Amino acid sequence: MKTSLQPNKKLSVSKKYSRDDWASAYSNVEKELDSVALKLVKGKVPKGLSGTFYRNGPGQLERGGQWVHHPFDGDGMITSLEFSNGKINFSNRFIRTKEYLAESKANKFLYRGVFGTQKPGGQLSNAFDVRLKNIANTNVIKFGDELLALWEASSPYSINPKTLETNGLSNLNGVLKPTEAFSAHPRFDPGHHNEKRMVTFGVKTGPKSTLRLMEFGMEDNNVGSILSDRKDSFGGFAFLHDFAITKNWAIFLQNAISFNPIPFLIGKKGAAQCLSSDSKAKPKFWLIPRDSGVHANKPPLIIDAPGGFVFHHLNAFEANNEIILDSIYYNDFPTIEPGQDFKNIDFDLLPEGILKRCVIDINKKSFQLDELSKQCCEFAMVNPSKQGLQAKFGWMAVAENELGNGPLQGIKKINLFDKTSITWSAGHRGFVNEPLMVPNPNSEKEDDGWILVVMWNGKREGSDLVILNASDMKEIALLELPIPIPYGLHGSWAAN
Ligand code: FE2
């Protein structure tokens, strides 16, 4: 592993990664462990890190000899890394969804996956089966005294944060109707209205889409209570994975995308494989006033948005009559077609994610788009205290090379004011997951803290945890996880 390139120093072209190394991360997780100490390989775990790093992601990728068509169809498994006094303990548990239990018993897929996994038996046995399998695999957050395992098309699963046992589907104390959609991307308002809040949403889509925006208390006296709740309807199909917040707005980007359900209905494709970029559709920003803000109770603003496809936003902030929104844009919707093997994908043929800044003028109802970085990236975040405010720094996973697509092999700290950056590289046999920025609780400095990354070590075919200094991106510690974990999706930090 090599560390710390200098700001603006041109990245040297890496020894090219091997796709076999990258793909070796994909296997079933065979064990569930309780509080096993990580093996320290180098460095020292900072004593200031006190809390638990939770991650969610697909842990079951094959059943009865059949592989999922896309890793996003794998059943969710929670990993917990508990930091205390310079030591880290590992635990992991599958989420016992109704569907996971039934498929484990049958040792085969009984449900179709949204991303193209089919039940055995060919097209006939899949046609007209439109049941959704809640795989609870996208994110995990601490919410009061429980964890919520999130999957955006249905309700969250409640998990015990200590034992990781599954409590069951949650309706959040009656807020959600049975199996109501609940996003996997809540945003945490650090206190724009004098208290911490969780702001999140659910979408019901079709020819018309209805978006429910919800704000929940996060303080000791109101954790879990719903503080505001509004519904707005918009014309057209919507695929909304993420959003951003400012003090007064919740900001959504409705990609120019269309959904043709026929191949799904007749059993040829998964629902997400029926999405495609639509040159006739017009991408739109939906700016929904937050009930706690100055535009409360007003209708949403709808403003033209740039083309391309966005899964994830970095952050947003307000400046006079403008909203500045940083997001990762793809030229097209990336999909894995029937017949393709996800472990053999050609990165060069897939669009890469590029971090761009969109300045939205609310009065003129116009926008301007500029690149923040040319490097292929995903999974970007700011210091959580800057959520909804202008942040100077962002951290994100990047491909090794400066241009073009590739697997994520480094973590980049970007200065959003001047676009300079520092990158830590996992080396040509290392592949990273989403980086998590944990601020130093004893500091006000925006980049004082740590970056936690679970990575795939292709050399030993195992998973490692890397701790970086968030300021200079130097490696502080490297530890081995006791079992291999496939690439995951999102995670969070719960401080002690
Ligand atoms: Fe996501």
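## Cavities, salt bridges and a few residues to look at

About 70 Å³ of space lies in the largest cavity, one of four cavities of 30 Å³ or more that the structure holds. Please keep in mind as you browse that this is a predicted model. Beyond its cavities, the model has 29 salt bridges, a nonpolar surface patch of about 450 Å², and positive phi values at Asn85 and Phe379.

**The largest cavity**

- To find this space in the viewer, select Arg55, Asn56, Gly57, Pro58, Met77, Thr79, Asn433, Ile485, Pro486, Tyr487 and Gly488, which line the largest cavity.
- Two elements give two or more residues each to this lining, namely strand E3 (51–60) and strand E6 (75–84).
- With four residues, E3 gives the most to the lining of the largest cavity.
- By class, the lining of the largest cavity holds five nonpolar residues, five polar ones and one charged.

**The second largest cavity**

- The second largest cavity has about 50 Å³ of space.
- Its lining is made by Phe239, Leu240, His241, Asp242, Leu253, Asn255, Val310, Phe311 and His313.
- Here strand E22 (residues 309–319) gives the most, with three residues in the lining of the second largest cavity.
- The lining of the second largest cavity comprises five nonpolar, three polar and one charged residues.

**Salt bridges**

- As a general reminder, side chains of opposite charge can pair when their charged atoms come close.
- Arg212 and Asp229 form a salt bridge, and their closest N and O atoms are 2.8 Å apart. This pair links distant parts of the chain, with Arg212 in strand E14 and Asp229 in strand E15 (residues 226–235), 17 residues apart.
- The two partners differ in exposure: Arg212 is buried, with a relative accessible area of 9%, whereas Asp229 is partly exposed at 38%.
- Arg290 meets Glu215 in another salt bridge, at 2.8 Å from N to O. Arg290 sits in the loop between strand E20 (284–289) and strand E21 (301–304), while Glu215 belongs to strand E14, 75 residues apart.
- Both Arg290 and Glu215 are buried.
- These two residues also take part in a network of salt bridges that links Asp189, Glu195, Arg197, Glu215 and Arg290.
- Asp304 and Lys284 form a salt bridge as well, with 2.5 Å between the closest N and O atoms. Asp304 is in strand E21 and Lys284 is in strand E20, 20 residues apart, and the pair links distant parts of the chain.
- Asp304 is partly exposed, with a relative accessible area of 37%, and Lys284 also counts as partly exposed, at 21%.

**The nonpolar surface patch**

- Phe128, Val130, Ile262, Leu265 and Ile266 make a nonpolar surface patch of about 450 Å².
- Phe128 is found in the loop between helix H3 (122–126) and strand E8 (139–143).
- Phe128 has a relative accessible area of 63%, so this residue of the patch counts as exposed.

**Positive phi values outside glycine**

- Asn85 is a residue other than glycine with a positive phi, near 55°.
- Asn85 lies in the loop between E6 and strand E7 (87–94). Because its relative accessible area is 60%, Asn85 counts as exposed.
- Phe379 is not a glycine either, yet its phi is positive, at about 55°.
- Phe379 is part of strand E26 (residues 377–381). At 14% relative accessibility, Phe379 counts as buried.

**A buried serine in strand E14**

- Ser209 lies in strand E14 (residues 208–217), the strand that also holds Arg212 and Glu215.
- Ser209 counts as buried because its relative accessibility is 0%.
- Ser209 and Ala238 are 29 residues apart along the chain, and 6.3 Å separates their C-alpha atoms.

Terms used
Residues numbered from 1 in each chain as written. Predicted model: local features only at pLDDT ≥ 70, side-chain atom pairs only at ≥ 80, totals over all residues. Heavy atoms only, no water. 1 Å grid on protein atoms, 1.4 Å probe; cavity = no way out; pocket = protein on both sides within 12 Å on 5 of 7 lines; lining within 4 Å. Points joined across faces, edges and corners; volume = space filled by probe spheres on them. Nonpolar A, V, L, I, M, F, W, Y, C, P; charged D, E, K, R; others polar. Patch = residues over 30% accessible without salt bridge, like charges linked within 9 Å, V, L, I, M, F, W, Y side chains within 5 Å. Areas by Shrake-Rupley, 256 points an atom, 1.4 Å probe, with all protein chains shown as cover. Salt bridge = Lys/Arg side-chain N within 4 Å of Asp/Glu carboxyl O. Buried < 20%, exposed > 50% of the residue type's maximum accessible area, 1.4 Å probe, protein only.
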